[in-house]
Amino acid sequence: GRIREISRDIAMVDYSKWDHIEVSDDEDDTHPNVDTPSLYRWRHQARVERMDEQKRERETFETESSNTKDRLTKLKRMMEETEEQGGENVAERLKELKLEIGQLETGEALSIERGG
């Protein structure tokens, strides 16, 4: 009954009057004294510069991360070699290597948590 009539009335809404709407110039977001093409160029240039800066930061992070991982691998290898060789000051050298490894691992974990 009544619900069917309401749903039929809703389905009969004609939206065709919205098909040919002209956008007026007063909707432009720039002031009349501002050269709009220049503003768009400036905005584009700022966006490009931000993207370049983000790319450089990402590349720097990846390089530093790779260097840290290489250094960490090298230190672990040095620690194993020191343990195998023995000799004088082994305990002191192992302590130094473990300290540096700990610092690298902590620094790597912090930079990953910060997202680069």
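**Exercise 1. Work out the secondary structure of the chain and its order along the sequence.**

Start with the count: this chain has three helices and zero strands, where helices (H or I, at least four residues) and strands (E, at least two) are DSSP runs numbered from the N terminus. Next, read along the sequence, and the pattern is α-α-α. A word on ground rules: this is a predicted model, where local features need pLDDT of at least 70, side-chain atom pairs count only at pLDDT 80 or more, and totals for chains, interfaces and linings use all residues. Residues are numbered from 1 along each chain as its sequence is written, and side-chain values use heavy atoms, with hydrogens and water left out.

**Exercise 2. Check the span of H2 against the expected value, then see what follows the helix.**

Step one: H2 has 50 residues. Step two: the expected span is 1.5 Å times one less than the number of residues, which gives 74 Å for H2. Step three: the first and last C-alpha of H2 lie 73 Å apart, close to that expectation. Just past the end of H2, Gly 86 has a positive phi of about 70°.

**Exercise 3. Find the buried residues of H2 and the largest nonpolar core.**

Get the cut-offs straight: buried is under 20% relative accessible area, exposed is over 50%, and partly exposed is in between (1.4 Å probe, protein chains only). By that standard, 15% of the 116 residues in the chain are buried. In H2 the buried set includes Thr 36, Ser 65, Leu 72, Leu 75 and Met 79.

Now the core, meaning buried Ala, Val, Leu, Ile, Met, Phe, Trp, Tyr and Cys residues joined through side-chain atoms within 4.5 Å. The largest one has eight residues: Leu 72, Leu 75, Met 79, Val 90, Leu 94, Leu 97, Ile 101 and Leu 104. H2 and helix H3 (90–113) each put in at least two of them, and H3 gives the largest share, five residues. In soluble globular proteins, nonpolar side chains tend to be buried together.

Zoom in on Ile 101: neighbours within four places in sequence aside, Ile 101 is in contact (heavy atoms within 4.5 Å) with Leu 72, Leu 75, Lys 76 and Met 79.

**Exercise 4. Locate the salt bridges and say which parts of the chain they join.**

The rule is a side-chain nitrogen of Lys or Arg within 4 Å of a carboxyl oxygen of Asp or Glu, and the count comes to two. Take Glu 53 and Arg 56, whose side chains meet at 2.7 Å, N to O. These residues are three apart in helix H2, so about one helical turn separates them. Glu 53 is partly exposed at 34% relative accessibility, and Arg 56 is partly exposed at 45%.

Then take Arg 71 and Glu 100, with their closest N and O atoms 2.8 Å apart. This pair links distant parts of the chain, with Arg 71 in helix H2 and Glu 100 in helix H3, 29 residues apart. Arg 71 comes out partly exposed at 31%, and Glu 100 does too at 28%.

**Exercise 5. Place Ile 21 in the chain and decide whether this residue is buried or exposed.**

Ile 21 sits in the loop between helix H1 (2–11) and helix H2 (36–85). With a relative accessible area of 51%, Ile 21 is exposed.
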